[in-house]
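I am opening my notebook and going through this structure one stop at a time. Follow along with the picture beside you.

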Amino acid sequence: MNRKPFYLLSLFIGLLLLQVLVFNNIQFLGYINPYIYIVFIFVFPYKTNRFPLLTTAFLLGLFIDLFSDSGGIHAFSTTLIAYLRIYFFRGIFQKTEVDYEFFKLNRETFGKIFNFTVILTLIHHFILFSLINFSLANFFYIITNTISSSIFTLVLYFLGNFIFSRKQ
Amino acid sequence: MQQLIYFIQKYKYFLYVLLLLLISFSLTINNHSFHKSKFISSANGFVGNIYNKQNNISSYLDLNVKNQELIEENLRLRNELSKLSFNLDSISLSTSVDSIEYKQKFNYINGKVLKNEYTKPYNFLTINRGNKHGVATEMAVINSKGIIGITDATSNSYARVRSILNRNSKINARFKNSFYFGTLSWDAKDYNIVQLNDIPRQASVNIGDTIITGGKSAIFPEGIPIGVVLNSSDKTVDNTINIKLFNDMSNVGAIYIIKNFHKQEIKNLE
């Protein structure tokens, strides 16, 4: 029981360093980049009190911004999906507050996990690239980047999930 | 009063999120303005240190290319030096240098790029020189091939550079063979190609003409190479010319920061 905060802290630092030192340098085909750090939002414990989630999401985004010189755009989009998470959670997994204690994302069927992560990733990437672009000109840039980077992020997430959760 | 407390109780998460979103949005706006101080930038000790450690490892990977670039630069400088010494020999002592009024105008500080980006519409670099090395904001940053950008946030030992590949960058540039000048900007499409705007219509533009910095601002000295004319659109409203950069912005390592001693004087005058 006591290992939970430690696990979350190491996940926070691990995902942050992985994102800024490795994944920000991929630039596949010149512009496609995975934003794998949003996995933190998916796996953060599901609790009735939502302030810890919102605060850590904001801090994670802010640290990513610090490293990539982007003002507050990662903080903005990450806080937004952290806020919206609970509504998609209720809609897709059909759970109520009593189920929070026993909920494990990996125990759900693949189809439900897929819907949940795809929707949140698409929202996050769309907001992110709109703010990166910072104007309404070049709308095509936003759409292509959102879709291609989302595919990259999700493939990495499912591969990583498959590799690291086999042992349990 | 009770209703107000009830309202806050009911919408506490929404209000909290609204506050966080407002903070991050204002940070984004702040990042786009040039003259405001930046709280969230990679020019601080914590981030700079981590990038420095990463750079210590990764800088070994392209050592050959970097050495080749430095040798080429040395070669060019040596050739120019021998030309100059030849001039000094042949013109004799008639050139007078006013030793009382003479003052060095530019000072060069060396440095290294720790973080580089070139795919976003608003790109920034992080360099390993800061206040304690004499770097301040609004200084020119170049390398052996051409211009790179302008510093826009500094900490004690690191600085952030606004790349020329940033939609907010505006740099004065002119032709090498004539004195028609314009403004250099970037349309965020290709990191090898920048745009030169507001060139007068009577200027004759040929493909392959060299573009250099104009020296009309207090930041860049005159004559730093930028690129060559790739194509010119036929007489549009703003007369935009596409320019291919000499610099490969995806691969920059050693850099020079230029300090202008006359900057304050020029600014006071303007």
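Before I start, one term: I call two residues in contact if their C-beta atoms, placed from the backbone, lie within 7 Å. I also note that this is a predicted model.

**Entry 1: two helices in chain A**

I used that idea of contact on helix 4 and helix 5 of chain A. From helix 4 of chain A, the residues that meet helix 5 of chain A include A:I73, A:F76, A:L80, A:L84 and A:F88. On the side of helix 5 of chain A, I found A:F116, A:I119, A:L120, A:I123 and A:I127 among them. Sorting this contact by class, I got 16 nonpolar, five polar and two charged residues.

Next I looked up how helix 4 and helix 5 (residues 110–133) of chain A lie against each other. They pack at an angle of about 155 degrees, and their axes are 9 Å apart. Angles over 145 degrees count as roughly antiparallel, so helix 4 and helix 5 of chain A are roughly antiparallel to each other. Their crossing is right-handed.

**Entry 2: the same helix, now across to chain B**

Which helix of chain B packs with helix 4 of chain A? I found helix 2 (residues 12–32) of chain B there, at an angle of about 165 degrees to helix 4 (residues 73–93) of chain A, with the axes 8 Å apart. This pair is therefore roughly antiparallel too. The crossing of helix 4 of chain A and helix 2 of chain B is left-handed.

The contact uses A:I73, A:A75, A:F76, A:T79, A:L80 and A:Y83 from helix 4 of chain A. Helix 2 of chain B brings B:Y13, B:V17, B:L20, B:L21, B:S24, B:F25 and B:T28. I sorted these residues as well and got 10 nonpolar, three polar and no charged.

**Entry 3: the whole contact between the chains**

I then stepped back to the full contact, which takes 26 residues from chain A and 24 residues from chain B. On the chain B side, helix 2, helix 3 (45–58) and strand 2 (122–127) each give two or more residues. Helix 2 of chain B has the largest share, 13 residues. By class, the chain B side has 13 nonpolar, nine polar and two charged residues.

**Entry 4: chain B as a whole**

How many helices and strands does chain B have? I looked it up: five helices and 12 strands. Chain B has 270 residues, and 31% of them are buried. Among its contacts between residues at least 6 apart in sequence, 59% join residues at least 24 apart.

**Entry 5: the barrel**

In chain B, I traced a closed barrel of six strands that runs 1-2-5-4-3-12, with antiparallel pairing. On average, neighbouring strands of this sheet are turned by 45 degrees against each other, direction ignored. Helix 3 of chain B packs on the sheet and touches strand 1 (106–115) and strand 2 of chain B. The direction of helix 3 makes about 80 degrees with that of strand 1 of chain B.

I stayed with strand 5 of chain B for a while, and found that eight of its eight residues are buried. Strand 5 pairs with strand 4 (residues 147–154) of chain B in the antiparallel sense, over five bridges. In that pairing, B:I150 stands opposite B:R162, and B:G149 stands opposite B:S163. Strand 4 and strand 5 of chain B form a hairpin with four residues between them. Strand 2 of chain B also pairs with strand 5 in the antiparallel sense, over five bridges, and B:T126 has B:R160 as its bridge partner.

**Entry 6: a loop residue**

Just past strand 5, I checked B:N168, which is in the loop between strand 5 (159–166) and strand 6 (171–175) of chain B. Is B:N168 buried or partly exposed? It counts as partly exposed, because it has 15 C-beta neighbours inside 10 Å. Not counting residues up to four places away in sequence, B:N168 touches B:H32, B:F34 and B:Y122.

**Entry 7: strand 11**

My last stop was strand 11 (residues 241–245) of chain B. B:I241, B:I243 and B:L245 point to one face and are buried, while B:N242 and B:K244 point to the other and are not. Strand 8 (residues 193–197) of chain B pairs with strand 11 in the antiparallel sense over four bridges, with B:Q195 opposite B:N242.

Terms used
Residues are numbered from 1 along each chain as its sequence is written. Chains are lettered from A and ligands numbered from 1 in the order in which they are written. This is a predicted model: local features need pLDDT of at least 70, side-chain atom pairs count only at pLDDT 80 or more; totals for chains, interfaces and linings use all residues. Axes are lines fitted to C-alpha atoms, for helices over the stretch in contact, and angles run from 0 to 180 degrees between N-to-C directions. Angles under 35 degrees count as roughly parallel, over 145 as roughly antiparallel, 65 to 115 as roughly perpendicular and the rest as oblique. A crossing is left-handed if the near helix is turned anticlockwise from the far one by less than a right angle, and right-handed if clockwise. Ala, Val, Leu, Ile, Met, Phe, Trp, Tyr, Cys and Pro count as nonpolar, Asp, Glu, Lys and Arg as charged, and the others, Gly among them, as polar. A residue is buried if 20 or more other C-beta atoms lie within 10 Å of its own, exposed if 12 or fewer, and partly exposed in between; C-beta atoms are placed from the backbone. Two strands pair if DSSP finds at least two bridges between them.
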